[in-house]
Amino acid sequence: MKRNQLILIIFFSSLLWSSPTAFINETLHYSVKFRSLSAGNATLSMKTDTINGKEAYLLTSTIKTNSFLSNFYKVRDEINSWLSTIDFSLIKTTQKIREGRYKKNNEAFIIDDDILISNNKTIPLYGKIYDPMAFIYFLRQQKLQKGNQYSFFSYSPKKIKEIIVKITDRKMVKTDYGKYDCYVIEPFSKDGKPLLKNRGAMQIWLSADSLHIPIIIKQYTNLGNMTMQLKSIN
């Protein structure tokens, strides 16, 4: 754990590339497809906020199915995560999940980097943990290149697990918003188990310019693939 923390400190101190202010008050809008069908819309937004009297970043992610798909399987998910302005580590998160008949509210917060309180359960910590989407913003500050590898401890309501993130390729991608030279980012579970439910995996395409905008986020599962593709930026 200490070695992983040292690696993160080194990256933050020596490899900072894009200023955090580059994506403060930024909202990224995505079209969502499931298999080949238009499924809805998603957003990622970052702004400054305060928590416990201290400045923090607030990262909000949403996903909503369109009216057609909602007739069969309605999704209305919203996750708010308050992050450290120093290293993007998690301070607090609230999750409102509405997927078909499944409904779940979750809240978790961290005390002194030592204890996680999640749905009234106390979990001891041995280092900082990260919201998986927040780690994308960590990567946006780095001088990326093919072959780079990072690691972090990821929070989910069910467990905390170590994730290895690799930059596996560099490709040109074409979207409705434009054509981009991108780094291909692939996260893996360190224990070798599937990263997501339904034996799922993920790839993220970050633009190769200094902003490292997430252009495409793709999830692969045994039920089908879901693709978030950038369509506009506010």
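**Figure 1. K146 sits out in the open, with a relative accessible area of 54%.** This is a predicted model, so read the close-ups below with that in mind. The partner to look for here is D169: the two residues form a salt bridge, and their closest N and O atoms are 3.9 Å apart. The pair links distant parts of the chain, since K146 belongs to the loop between α3 and β9 (149-155) and D169 to strand β10 (residues 160-175), 23 residues apart. The cut-off for a salt bridge is 4 Å between the side-chain nitrogen and the carboxyl oxygen, so a distance of 3.9 Å still makes the list. D169 counts as partly exposed, because its relative accessible area is 25% and the buried class is reserved for values under 20%.

**Figure 2. E162 and K190 make a salt bridge, with 3.4 Å between the closest N and O atoms.** E162 is in strand β10, while K190 is in the loop between β11 (178-189) and β12, so this contact ties together parts that are 28 residues apart in sequence. Which partner is buried and which is exposed? E162 is the buried one, at 14% relative accessible area, and K190 is the exposed one, at 54%.

**Figure 3. D87 and K128 pair up in a salt bridge, their closest N and O atoms 2.6 Å apart.** Both ends are in loops: D87 is in the one between β4 (76-83) and β5 (90-99), K128 in the one between β8 (121-124) and α3 (132-139), so the bridge ties together parts 41 residues apart in sequence. D87 is buried, with a relative accessibility of 7%, whereas K128 is partly exposed at 33%. Zooming out for a moment, the structure holds five salt bridges.

**Figure 4. K64, K74, R76 and K103 form a positive patch on the surface.** K64 is a handy starting point for finding the patch: look in strand β3, which covers residues 54-65. K64 shows 48% relative accessibility and therefore counts as partly exposed. Why is a partly exposed residue allowed into a patch? The patch cut-off is over 30% relative accessible area, so 48% is enough for K64 to pass that test.

**Figure 5. F68, F72 and Y73 make a nonpolar surface patch of about 390 Å².** F68 is in helix α2, which runs over residues 67-70. With a relative accessibility of 53%, F68 counts as exposed. For the wider picture, the protein chain exposes about 12,900 Å², and carbon and sulfur atoms supply 52% of that.

**Figure 6. K47, in strand β2 (residues 37-51), and its neighbours.** What does K47 touch, leaving aside residues up to four places away in sequence? The answer is I24, N25, A56, Y57 and L58. K47 is partly exposed, with a relative accessible area of 42%. W82 is 35 residues away along the chain from K47, and the C-alpha atoms of the two are separated by 9.8 Å.

**Figure 7. N52 and H212 each have a positive phi without being glycine.** Why bother with a close-up of a backbone angle? Because most residues other than glycine have a negative phi. For N52, phi is about 55°; for H212, phi is near 50°. N52 is in the loop between β2 and β3, and H212 is in the loop between β12 (201-207) and β13 (214-221). Their surroundings contrast: N52 counts as exposed at 72% relative accessibility, and H212 counts as buried at 2%.

**Figure 8. The whole chain has three helices and 14 strands.** Use this one as the map for the close-ups. The chain runs to 234 residues, and 46% of them count as buried. D87, E162 and H212 from the earlier views are among the buried residues, at 7%, 14% and 2%. Looking at contacts with a separation of 6 or more, 44% are between residues 24 or more positions apart.

Key. Residues are numbered from 1 along each chain as its sequence is written. This is a predicted model: local features need pLDDT of at least 70, side-chain atom pairs count only at pLDDT 80 or more; totals for chains, interfaces and linings use all residues. Side-chain values use heavy atoms; hydrogens and water are left out. Patches are made of residues with over 30% relative accessible area and no salt bridge: like charges are joined within 9 Å, nonpolar side chains (Val, Leu, Ile, Met, Phe, Trp, Tyr) within 5 Å. Accessible areas come from the Shrake-Rupley method with a 1.4 Å probe; for residues, only the protein chains shown count as cover. Lys and Arg count as positive and Asp and Glu as negative; His and the chain ends are not counted. The place of a charge is taken as NZ of Lys, CZ of Arg, CG of Asp or CD of Glu. Helices (H or I, at least four residues) and strands (E, at least two) are DSSP runs, numbered from the N terminus. Buried means under 20% relative accessible area, exposed over 50%, partly exposed in between (1.4 Å probe, protein chains only). Contact means heavy atoms within 4.5 Å.
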